[in-house]
Amino acid sequence: MLENVRGLMDLQFDGYRQALGQQLLKMGYWSDWRLFNAANFGVSQLRPRVLCVALRKDIAPYFRWPDPLEQAPVSVGELLIDLMQANGWEGAS
């Protein structure tokens with residue numbers, strides 16, 4: 001699995017992604033690219049990331065990309081409030 005910034009899905013990187021896919025194919029791997037937002041998977045941050053998954057061809061048919069969670073993640077403030085209050089920060093809440 002590879003992870004990178006969303007810009008890797010831009011048109012200017014099509015050749016790079018295709019070349020990498022061809023190299024992986026020659027090595028016996030199926031591969032696919034997807035753009036995800038980490039917030040859709042429980043991370044308390046808007047973080048678009050590109051993922052490339054490569055699997056042996058015999059295993060690839062069993063792979064499924066995950067579906068986003070139906071609920072929004074907690075906010076960073078909700079997640080860290082106890083730590084912000086721990087040292088007496090009065091404005092934490």
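Just 20% of the 93 residues in the protein chain are buried, meaning under 20% relative accessible area with a 1.4 Å probe, protein chains only (over 50% is exposed, and in between is partly exposed). Keep in mind that this is a predicted model, where local features need pLDDT of at least 70 and side-chain atom pairs count only at pLDDT 80 or more, while totals for chains, interfaces and linings use all residues. Residues are numbered from 1 along each chain as its sequence is written, and side-chain values use heavy atoms, with hydrogens and water left out.

Now for the layout. Along the sequence you'll meet β-α-β-β-α, with helices (H or I, at least four residues) and strands (E, at least two) taken as DSSP runs numbered from the N terminus. The C-alpha atoms fill a box of roughly 60 × 30 × 20 Å along the principal axes.

On the inside, F36, L51, V53, L55, A60 and W65 make up the largest nonpolar core, that is, a set of buried Ala, Val, Leu, Ile, Met, Phe, Trp, Tyr and Cys residues joined through side-chain atoms within 4.5 Å. Strand β3 (residues 48–56) gives the most to this core, three residues. Leaving aside residues up to four places away in sequence, L51 touches M1, L2, E3, D32, W33, R34, F36 and W65, with contact meaning heavy atoms within 4.5 Å.

Over the whole chain, 54% of the contacts between residues at least 6 apart in sequence join residues at least 24 apart.

Finally, take a look at V76, which sits in helix α2 (residues 76–86). V76 is partly exposed, at 44% relative accessible area.
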